[in-house]
Amino acid sequence: MVSFLKKVGYTLYRVWFYILVALPIFLFFPFLLLFTLSEKLYPQFFWLARNFWAIPILYGMGCPPKIRYDEKMEKGKSYMLVANHTSMLDIMLMLCVSKNPFVFVGKKELVKIPVFGFFYKRVCILVDRDDAKSRTGVYRRAQRRLNQGLSICIFPEGGVPDDETVLLDTFKDGAFKMAIAHNIPVVPIVFYDNKERFSFSFFSGSPGVLRAKVHSFFDTQHLSEIDKAKLREQVRDVIWRELLAK
């Protein structure tokens, strides 16, 4: 009986999450659609998504964010944001972390998600990781958004590990190659609690504080492409050590 009630509770928790995801999109649909008609309007889209979508979802789930900063991002400056990836809450928490507008680089499969996918494909840089041409196109599209004064966000693990016992998967090169090519700082971010609060296992999760930490940035001004592997491992090591010590 206890097990059955737990499963009912987890199911209701999941359903409530999807309601919170969809409801603001329906409520603000005309404005969201308007702000996706031109890339010049993206900062307005970002502001609306951050303040009337991401933040209400986290508080509505009983998961208030608690964010510490070793270094603050400057307004009007572009960055490469990277973090460990364990949960759908990662998207919302990342939007809370940065007031500076940024664009997600994400896998194209997410466009299949009802409601969310409609806007995801309009505002994010999509990549098919099995298609070399698609991966190359990411750099071109990222350059255009950086020229507009935006930042870029990539989860360098390349997705959520299938094995949920994995604390931190290996990092792909893309984010670091791009940061070096565009001479933008890399911002390592640690999400401590997202897997516990809302993992990809259906019968799991619970309300509670969502902690995040923004570490000191890695400068790329004097780096070249041959340094990407070293930079990748340095950033991963920062996140890894923080997760071990949590």
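Visitor: How many cavities of 30 Å³ or more does the count come to?
Guide: Happy to start there, and please keep in mind that this is a predicted model. A cavity here is a set of points where a 1.4 Å probe fits but cannot get out. By this rule, the number of cavities of 30 Å³ or more is 1.

Visitor: Which residue class gives 4 residues to the lining of the largest cavity?
Guide: The largest cavity holds about 60 Å³ of space. Its lining includes H85, T86, P161, D163, K195 and F200. By class, that lining has 5 nonpolar and 2 polar residues, and the class with 4 is charged.

Visitor: Let's turn to the pockets. Which residues are the closest to the centre of the largest pocket?
Guide: The largest pocket has about 800 Å³ of space. Its lining is made of 41 residues, and the closest to the centre are W53, I91, L110, F116 and Y120.

Visitor: Which element gives the most to the lining of the largest pocket?
Guide: The elements that give two or more residues to this lining are α1 (2–27), α3 (42–60), α4 (89–97), β3 (102–107) and α5 (116–123). With 7 residues, the one that gives the most is α3.

Visitor: How many residues in the lining of the largest pocket are nonpolar?
Guide: Tyr, Trp and Cys count as nonpolar here, while Gly counts as polar. The lining divides into 2 charged residues, 5 polar ones and a nonpolar group that numbers 34.

Visitor: How many residues of α4 are buried?
Guide: A residue is buried when its relative accessible area is under 20%. In α4, L89, D90, I91, M92, L93, M94, L95, C96 and V97 are buried. The helix is largely enclosed by the rest of the structure, because the buried count is 9 of the 9 residues.

Visitor: And at the surface, what is the area of the nonpolar patch that includes L5?
Guide: L5 has its place in helix α1. With 49% relative accessibility, L5 counts as partly exposed, and residues in a patch need over 30%. Together with M1, F4, V8 and L12, L5 makes a nonpolar surface patch of about 560 Å².

Visitor: How many salt bridges does the structure hold?
Guide: For a pair to count, a side-chain nitrogen of Lys or Arg must be within 4 Å of a carboxyl oxygen of Asp or Glu. E225 and K228 form one such pair, with their closest N and O atoms 3.5 Å apart. The total for the structure is 12.

Visitor: In the salt bridge between E39 and R145, how many residues apart are the partners?
Guide: The two side chains meet at 4.0 Å, N to O. E39 is partly exposed at 30% relative accessible area, whereas R145 is buried at 5%. E39 sits in the loop between α2 (29–35) and α3, and R145 in helix α6 (residues 132–147), so the pair links distant parts of the chain, and the separation is 106 residues.

Visitor: Is R232, the partner of E233, buried or exposed?
Guide: E233 and R232 form a salt bridge whose closest N and O atoms are 2.7 Å apart. E233 is partly exposed, with 39% relative accessible area. R232 has 17% relative accessibility, and because the cut-off is under 20%, R232 counts as buried.

Visitor: Which residues are joined into one network by salt bridges that share partners?
Guide: Some salt bridges here have partners in common. The residues that they join into one network are R68, D70, K213 and E242.

Visitor: Which residue follows α7 with a positive phi?
Guide: Most residues other than glycine have a negative phi. In the loop between α7 and β6 lies a residue that is partly exposed, with a relative accessible area of 33%. Although not a glycine, this residue has a positive phi of about 55°. The residue that follows α7 is N183.

Visitor: What distance separates the C-alpha atoms of P185 and S78?
Guide: P185 has its place in the loop between α7 (174–182) and β6 (186–191). With a relative accessible area of 11%, P185 is buried. P185 and S78 are 107 residues apart along the chain, yet their C-alpha atoms are separated by 7.7 Å.

Conventions
Residues numbered from 1 in each chain as written. Predicted model: local features only at pLDDT ≥ 70, side-chain atom pairs only at ≥ 80, totals over all residues. Heavy atoms only, no water. 1 Å grid on protein atoms, 1.4 Å probe; cavity = no way out; pocket = protein on both sides within 12 Å on 5 of 7 lines; lining within 4 Å. Points joined across faces, edges and corners; volume = space filled by probe spheres on them. Helix = DSSP H or I, 4+ residues; strand = E, 2+ residues; numbered from the N terminus. Patch = residues over 30% accessible without salt bridge, like charges linked within 9 Å, V, L, I, M, F, W, Y side chains within 5 Å. Areas by Shrake-Rupley, 256 points an atom, 1.4 Å probe, with all protein chains shown as cover. Buried < 20%, exposed > 50% of the residue type's maximum accessible area, 1.4 Å probe, protein only.
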